[in-house]
Amino acid sequence: MNRIFLSLLALLVLLFSNNAMATFTKAEIAAVQPLVNELMGDFLRDYKARKISGSEVGDNALKLADEAESDVAKFICMKGAISYYARDKA
């Protein structure tokens, strides 16, 4: 019984430490954020001018996430997509 408990505990520690390593640092995000802002700029201007909806901005952010080369850029695009979908209540 004790051996099973220790095995499960070791598995949980491994899983949680793996998740902790998967997050991005503020420096990594800050390095990529200006590029994402530049790529999303036209869509955001159209959104502020009420030419497109929040869902369309989210769709474009997901397209950029698909094309992104780094995981940090994908994360920023997906995070933005969620934000604009939420604003549009989609």
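1. Contact here means heavy atoms within 4.5 Å. In this predicted model, M78 is in contact with L62 and A65, its neighbours within four places in sequence being left aside.

2. M78 belongs to helix α4. Is this residue buried or exposed, or does M78 count as partly exposed? Its relative accessibility is 40%, and therefore M78 counts as partly exposed, since that class lies between the limits of 20% and 50%. The C-alpha atom of M78 is separated by 9.5 Å from that of D66, a residue 12 places away along the chain.

3. Helix α2 deserves attention for its course. It covers residues 26-48, 23 residues in total, yet its end C-alpha atoms are only 27 Å apart, where a straight helix would reach 33 Å. A kink of about 55° is present in α2, with G41 at its centre.

4. G41 is also buried, as are V32, V36 and M40 of the same helix, α2. The cover over the buried residues of α2 includes α3 (54-67) and α4 (71-87).

5. The packing of α2 with α4 may be described next. Their axes lie 9 Å apart and form an angle of about 40°, which means that α2 is oblique to α4. The crossing of these two helices, α2 and α4, is right-handed.

6. Which residues of α2 meet α4? On the α2 side they are E28, I29, V32, Q33, V36, L44 and Y47, and they meet V72, A73, F75, I76, C77, Y84 and R87 of α4.

7. After α2 comes R50, which has a positive phi, near 60°.

Technical notes:
Residues numbered from 1 in each chain as written. Predicted model: local features only at pLDDT ≥ 70, side-chain atom pairs only at ≥ 80, totals over all residues. Heavy atoms only, no water. Helix = DSSP H or I, 4+ residues; strand = E, 2+ residues; numbered from the N terminus. Expected span 1.5 Å × (residues − 1). Bend = angle between axes of the 7 residues up to and from the residue. Buried < 20%, exposed > 50% of the residue type's maximum accessible area, 1.4 Å probe, protein only. Axes fitted to C-alpha atoms, helices over the stretch in contact; angles between N-to-C directions. Parallel < 35°, antiparallel > 145°, perpendicular 65-115°, else oblique. Left-handed = near helix turned anticlockwise from the far one by under 90°.
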